Amino acid sequence: MSLFRFQVPVRALFRRPILAPQCIAARNKNVKSRHFASSAADVDHKLYEYRVYSIKPDQLAAFVKLTNEQIHMRLSHSKLIGYWMSDLGGMNEVCHIWEYDNFAQRTAVRAALGADKVWQQKYFQHILKMMSKQENAVLKAIPSIPLQTEPRKEGGIYELRQYTMKPVGPGVFLPPFLELLESRVKLHEQLNYGKLMGAWVTDIGNVNNVYHLWNYESLDKRTEGRHVVLSSDELKNMPITSMPVVTMTTKIMLPLPFSPLK
């Protein structure tokens, strides 16, 4: 069964205006595509907060130890998707993704944590001294890609790829992106290389960004898989130049022991 099972145009799901005539043409071309949701009810309306903490190099081990010991207090407030430590593409970083039903829930959670004296005293006040920088972004799940909960292999590696698109709106840049992504997913599944775990677009933060999270058995398996997939006839024939990408970055991450995505 295809991962991409939806029938509603991305433009309608993200409620972004399309201004240029070529955008309207792109939308109409993809209305009946297999990429999109069968109805608005199928869309994941939750919001996902992606947080990146830069840790002082001499404090990274202490940060990980303290977080492993005290994170249970945070987990009682909202759902954690995954928590990783950067291995390549970022140094002395931890990256985590949290799920919320809506902004009201996030506001309530932040207020509760701020008022929780035990959390503040045992954890938060300590990590403030360990961090040099904090970043976050609010993401929305791409309607056609359900979030996966089972990795290809526990104890493997995760790759988070971030594409910055031209400011033309998701109704324009998502259709060619999804077409290319679907071909990659099919080839990875057939050849038993990587597994797409989820994909999102930025709602608040650096806008016009697409994130997709992959799981691999190992870094060498990723390298082998990417070479085979990118060399395939199917991808060679894809109109990659139609995807309005400005920049691409990638980060290899290792899950921490308490991460739901192992």
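Begin by selecting K186, which in this predicted model is partly exposed, with a relative accessible area of 32%. Add E182 to the selection, and the two side chains are seen to meet in a salt bridge with an N to O distance of 3.7 Å. Both residues belong to helix α6, which spans residues 170-191, and they are four residues apart, about one turn of the helix. E182, in contrast to its partner, counts as buried, at 2% relative accessibility.

Next, select E159 and R161, whose side chains form a salt bridge at 2.8 Å, N to O. Here E159 is buried, with a relative accessible area of 0%, and R161 also counts as buried, at 8%.

Then move to K133 and E135, where the side chains meet in a salt bridge of 4.0 Å, again taken from N to O. K133 is partly exposed at 46% relative accessibility, and E135 is partly exposed as well, with a relative accessible area of 39%.

Keep E135 selected, since the next stop is the second largest pocket, where E135 is listed with Y50, V52, Q162 and Y211 as the residues lying nearest the centre, out of 15 that line the pocket. The elements that each give two or more residues to this lining are β3 (47-55), β6 (131-141), β7 (157-165) and β10 (245-255). The pocket holds about 320 Å³ of space, and its lining comprises five nonpolar, seven polar and three charged residues.

Finish by selecting K46, K79, E99 and D101 together, which are linked in a network of salt bridges; the structure as a whole holds 11 salt bridges.

Conventions
Residues numbered from 1 in each chain as written. Predicted model: local features only at pLDDT ≥ 70, side-chain atom pairs only at ≥ 80, totals over all residues. Heavy atoms only, no water. 1 Å grid on protein atoms, 1.4 Å probe; cavity = no way out; pocket = protein on both sides within 12 Å on 5 of 7 lines; lining within 4 Å. Points joined across faces, edges and corners; volume = space filled by probe spheres on them. Nonpolar A, V, L, I, M, F, W, Y, C, P; charged D, E, K, R; others polar. Buried < 20%, exposed > 50% of the residue type's maximum accessible area, 1.4 Å probe, protein only.
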